[in-house]
Amino acid sequence: MVSRLTMLVRRWLRSPGARALVLVVGVAACGTPSVGTVRVVIPPGSSFRVAADSLKRAGVVRSARLFRIYASLGGHDRRIRAGTYLMSRGMSWGAVVKALTNGTGLIHTVTIPEGYAILDIVPVLARALGVQPESVEVATRDSAMRRRLDVPSPTLEGYLFPDTYSFPDGTTGRAAVETMVRRFEQIWEPQWNNRLQALAMNRHAAITLASIVEKEARLAPERPVIAAVYLNRLRTGMRLQADPTVQYAHGVHVARLMYKDLLIESPYNTYKYAGLPPGPIASPGRASIVAALNPAAVPYRYFVAHLDGHHEFHVDFASHSRAVAAVRRERAAAAEPPPAPQPTPKPAAKKLNRSGRRS
């Protein structure tokens with residue numbers, strides 16, 4: 001049976017049609033003349049037809065149908081790996097097949113939002129890279145990187161720059177953390193060192209302030225104003241009394257801080273301890289770093305957040321107290337359920353006179 005099937009295949013391959021097909025596939029397999037690097041996404045569970053169509057749309061292959069035939073001749077169309085690939089439009093079909101079957105060129109794209117703390121970043125990176133969270137967490141304590149950045153705190157909190165990253169398949173937790181630190185170093189502009197001197201701050205203090213601004217601000221124009229409020233408090237000897245630092249001291253997110261939360265024993269509790277906390281409480285984005293280095297020229301020392309996210313700023317405590325009371329009434333009114341609809345009154349029934357007619 002096998003020998004008969006082999007004879008039939010050989011006979012077909014000697015036919016003019018088969019030779020023409022093999023010639024076309026062979027020419028096409030040499031790759032496309034265009035160049036450039038593109039991303040190709042092969043969703044999990046995709047058939048080879050879907051994969052070939054994705055390659056065609058990306059310009060990696062010119063004909064999805066011929067590419068499927070080429071791959072099937074070598075039996076490679078049943079063992080592809082799903083994921084996001086970085087491929088060249090000029091690569092040969094053999095290289096494309098090898099990439100799909102071996103996972104060569106696979107990348108893992110992960111976005112770290114602004115304001116994420118290490119506690120948030122570790123599980124996100126671990127899931128994206130397919131590594132143990134412990135390997136990422138250990139990397140955030142790397143002493144060599146902390147020395148390079150002159151970070152006195154025990155972790156790289158605040159220095160894992162929030163951005164979108166593409167990591168090659170097989171990237172370790174330490175390599176990913178190193179990439180994020182290098183991104184921070186790229187973002188930091190040399191002229192910002194002059195601003196540090198003007199503010200009489202070192203970089204660690206500036207990043208710490210920027211991280212608090214990042215957690216407080218909801219509207220971009222308010223970032224420099226919020227930075228100014230905290231700097232004004234520091235200059236006048238006030239405690240920062242920044243709610244996000246208390247949240248950080250808890251180690252878990254608290255939906256709403258209560259008075260008892262403000263009593264937590266931690267150097268990050270700026271309600272209990274004066275000055276900046278020992279280090280950043282999150283990874284600030286570029287805008288918050290710029291705001292911390294370039295605070296607004298305003299005299300405010302107090303602010304309160306309204307329901308829509310904007311802040312109201314004041315110089316004196318009395319005005320601030322009135323604003324806080326107004327916001328509390330605003331929140332209480334928003335929490336009250338709407339009044340129940342009142343039933344529509346029915347018209348009064350008309351009386352009948354002695355003759356039985358309505359009067």
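Helix α12 and helix α14 pass each other in a right-handed crossing, in a model that is predicted. Their axes come within 8 Å and cross at roughly 45°, and that angle makes α12 oblique to α14. Where the two helices touch, Arg223, Pro224, Ala227 and Leu231 of α12 meet Ala287, Ser288, Ala291 and Ala292 of α14. Sorted by class, the residues of this contact are six nonpolar, one polar and one charged. A pair of packed helices is described in just this way, by the angle between the axes and the distance between the axes.

The partner α14, which covers residues 286-293, also meets helix α10, which covers residues 192-199. Here the axes come within 9 Å and cross at roughly 40°, and α10 and α14 are therefore oblique to each other. From α10, the contact is made by Trp192, Arg195, Leu196 and Leu199, while α14 contributes Arg286, Ile289, Val290, Ala292 and Leu293. The contact of α10 with α14 has seven nonpolar residues, no polar ones and two charged ones. It is worth following Ala292 with the eye, since this residue of α14 takes part in the contact with α10 and also in the contact with α12.

Turning back to α12, which runs over residues 223-235, the reader finds that it meets helix α11 of residues 203-216 as well. The two axes come within 10 Å and cross at roughly 125°. Why does such an angle count as oblique? Angles over 145 degrees would be roughly antiparallel and those from 65 to 115 roughly perpendicular, whereas the rest, between these ranges, are called oblique, and α11 and α12 are therefore oblique to each other. The crossing of α11 past α12 is right-handed. On the α11 side, Leu209, Ile212, Val213, Glu214 and Glu216 take part, and they meet Arg223, Ile226, Ala227, Tyr230 and Leu231 on the α12 side. Seven of the residues in this contact are nonpolar, none is polar and three are charged. Within α12, Arg223, Ala227 and Leu231 appear in the contact with α11, and these residues also appear in the contact with α14.

Between α10 and α11 there is a loop, and Ala200 lies in it. The phi angle of Ala200 is near 55°, a positive value in a residue other than glycine. Is Ala200 buried or exposed? Its relative accessible area is 70%, and Ala200 is therefore exposed. A second residue with a positive phi is Asp150, which is not a glycine either and has a phi near 60°. Asp150 sits in the loop between α8 (143-149) and β4 (164-168), and with a relative accessible area of 61% Asp150 is likewise exposed.

Ile118 gives a contrasting view, for this residue of helix α6 (residues 118-129) is buried, with a relative accessible area of 10%. Leaving aside residues up to four places away in sequence, Ile118 touches Pro123, Thr140, Thr155, Leu156, Glu157 and Leu160. Ile118 and Ile281 are 163 residues apart along the chain, and their C-alpha atoms are separated by 8.7 Å.

Leu160 leads on to Thr179, because the C-alpha atoms of these two residues, 19 residues apart along the chain, have a separation that can be stated as 8.5 Å. Thr179 is part of helix α9 (residues 173-187), and at 24% relative accessibility it counts as partly exposed. Beyond residues up to four places away in sequence, Thr179 touches Tyr165 and Phe167.

These local views belong to a protein chain with 15 helices and six strands. Of its 359 residues, 41% are buried. Among the contacts in the chain with a separation of 6 or more, 62% are between residues 24 or more positions apart.

How far the picture may be trusted depends on the place in the chain. The mean pLDDT of the protein chain is 85, and 83% of its residues reach 70 or more. Over residues 16-20, however, the pLDDT is below 50, and this stretch has four contacts in the model beyond near neighbours in sequence. Residues 22-29 also stay under 50, and for them the model has 13 contacts beyond four places in sequence. Where pLDDT is low, the predicted coordinates should not be read in detail.

Methods
Residues are numbered from 1 along each chain as its sequence is written. This is a predicted model: local features need pLDDT of at least 70, side-chain atom pairs count only at pLDDT 80 or more; totals for chains, interfaces and linings use all residues. Side-chain values use heavy atoms; hydrogens and water are left out. pLDDT is the predictor's confidence in each residue, from 0 to 100. Contact means heavy atoms within 4.5 Å. Axes are lines fitted to C-alpha atoms, for helices over the stretch in contact, and angles run from 0 to 180 degrees between N-to-C directions. Helices (H or I, at least four residues) and strands (E, at least two) are DSSP runs, numbered from the N terminus. Angles under 35 degrees count as roughly parallel, over 145 as roughly antiparallel, 65 to 115 as roughly perpendicular and the rest as oblique. A crossing is left-handed if the near helix is turned anticlockwise from the far one by less than a right angle, and right-handed if clockwise. Ala, Val, Leu, Ile, Met, Phe, Trp, Tyr, Cys and Pro count as nonpolar, Asp, Glu, Lys and Arg as charged, and the others, Gly among them, as polar. Buried means under 20% relative accessible area, exposed over 50%, partly exposed in between (1.4 Å probe, protein chains only).
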